[in-house]
Amino acid sequence: MTADTVRWGILATGGIAGAFTADLIDLPDAEVVAVASRSEESAKAFAERFGIPRAYGDWNALARDEDIDVVYVATPHTAHRTAAGLCLAAGRNVLCEKPFTLNVGEAAELVALGREHGRFLMEAMWMYCNPLVRRLKSLVDDGVIGEVRSVQADFGLAGPFPPSHRLRNPELGGGALLDLGVYPVSFAQLLLGEPSDIAARAVLSEEGVDLQTGALLSWESGALGSVHCSIVGGTATSASVTGSQGRIDIPDGFFFPDRFVLHRDGRDAEEFTADPGDGPRNSLRHEAAEVMRALRAGETESPLVPLDGTLAVMRTLDAIRDRVGVSYPGETDGHPGETGEPHLTPA
């Protein structure tokens with residue numbers, strides 16, 4: 001790493017890896033130097049697509065590449081523990097896609113590994129790095145709407161997804177909650193922290209994953225949070241934060257908003273819009289920029305996406321799964337949050 005350039009490795013070659021790499025290429029201080037996949041053919045095709053100099057058909061080779069400053073892990077989330085663990089153990093810094101891992105047990109292992117090796121580690125919760133979401137949080141933290149009383153957020157896709165799709169596959173950690181519900185839960189906890197109590201209901205598929213899930217979160221302050229996710233119905237992806245003196249509404253796309261509206265008692269509504277200079281609303285550049293800022297500052301985690309906050313979100317996701325009866329193959333005794341021996345090499 002130099003003062004001018006941070007060198008990235010990309011681990012996996014799916015859609016999100018492509019979107020992230022495309023945004024990285026647009027950043028003048030980022031250089032993508034290597035990509036890895038379990039398939040050498042896939043890695044080479046990805047490298048050719050983006051002009052990446054090195055392609056590996058082996059995760060271990062990428063992890064051992066000392067010319068890489070930080071690895072972006074974009075595998076299915078069932079492989080996050082293995083892929084990110086390989087990189088951390090080899091001395092690489094890591095940005096790992098969300099959900100951070102399959103459960104909090106795996107997440108705690110990664111956090112411990114990162115801290116043991118003194119490496120930077122961050123969940124790719126791009127919502128937390130979005131300038132407009134940061135503005136919203138600042139307003140709430142400053143008490144503009146008073147004491148927060150409730151938070152609502154939803155994220156649903158219409159589908160339909162066949163049983164063969166990864167969103168329906170238990171072996172890949174399928175279901176609405178981990179893929180989509182992580183956003184409403186993370187939004188609520190960004191503003192209120194970890195809830196003190198959780199109630200939840202879900203509709204499960206024949207495969208045993210959740211087709212849609214609703215949860216009621218509560219905090220000792222008296223605040224309540226209502227979160228919903230679905231892979232059988234397209235929702236507005238809206239969010240609302242209500243306080244004792246006002247309300248903030250995000251009409252659509254709450255995790256990558258282009259605007260939100262502040263309502264305060266006795267005042268006209270105020271609309272806050274994204275700065276055009278921040279790029280497209282779906283840009284992943286902000287989380288990449290935060291990683292590079294932290295690396296240059298010598299930080300091992302980001303204040304925008306702290307590891308303790310990631311662990312708290314994983315505990316909430318585990319609690320919801322426990323209440324609705326969703327567990328995945330390999331989890332000890334079928335209980336979320338418990339893992340067997342960690343796997344340090346890809347299967």
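A residue counts as buried here when its relative accessible area is under 20%. Keep that cut-off in mind for helix H4, where 9 of the 10 residues are buried. One thing to know up front: this is a predicted model. Below is a quick tour of H4, a helix pair, a pocket and one exposed proline.

**Helix H4 and what sits around it**

- H4 runs over residues 80-89 and is mostly covered.
- The buried part of H4 takes in His 80, Arg 81, Thr 82, Ala 83, Ala 84, Gly 85, Leu 86, Cys 87 and Leu 88.
- Among the strands that cover these buried H4 residues are S1 (6-11), S4 (70-73), S5 (93-96) and S6 (121-123).
- Helices join in as well, with H3 (59-63) and H5 (104-117) included in the cover over H4.
- Just past the end of H4, Gly 91 has a positive phi of about 95°.

**Where H7 meets H8**

- Helix H7 (residues 131-141) and helix H8 (residues 176-192) have axes that come within 10 Å, crossing at roughly 40°.
- That crossing angle is why H7 and H8 count as oblique to each other.
- On the H7 side, the contact is made by Val 133, Leu 136, Lys 137 and Val 140, while H8 brings Phe 187, Leu 190 and Leu 191.
- Sorted by class, this H7–H8 contact has 6 nonpolar residues, 1 charged residue and no polar ones.

**The second largest pocket**

- This pocket has a volume of about 300 Å³.
- It is lined by 19 residues, and the ones closest to its centre are Tyr 128, Lys 137, Leu 190, Leu 304 and Pro 306.
- Two of those names should look familiar: Lys 137 of H7 and Leu 190 of H8 also take part in the helix contact.
- H7, H8 and helix H10 (307-324) are the elements that each give two or more residues to the lining.
- H10 provides the largest share of that lining, with 4 residues.
- By class, the lining of this second largest pocket has 10 nonpolar, 5 polar and 4 charged residues.

**Pro 53, out on a loop**

- You'll find Pro 53 in the loop that links helix H2 (40-50) with strand S3 (54-56).
- Is Pro 53 buried or exposed? Its relative accessibility is 59%, so Pro 53 counts as exposed, the cut-off for that being over 50%.
- Leaving aside residues up to four places away in sequence, Pro 53 touches Val 32 and Val 33.
- Glu 40 lies 13 residues from Pro 53 in sequence, and their C-alpha atoms are 14 Å apart in space.

Methods. Residues numbered from 1 in each chain as written. Predicted model: local features only at pLDDT ≥ 70, side-chain atom pairs only at ≥ 80, totals over all residues. Heavy atoms only, no water. Axes fitted to C-alpha atoms, helices over the stretch in contact; angles between N-to-C directions. Parallel < 35°, antiparallel > 145°, perpendicular 65-115°, else oblique. Contact = heavy atoms within 4.5 Å. Nonpolar A, V, L, I, M, F, W, Y, C, P; charged D, E, K, R; others polar. 1 Å grid on protein atoms, 1.4 Å probe; cavity = no way out; pocket = protein on both sides within 12 Å on 5 of 7 lines; lining within 4 Å. Points joined across faces, edges and corners; volume = space filled by probe spheres on them. Buried < 20%, exposed > 50% of the residue type's maximum accessible area, 1.4 Å probe, protein only.
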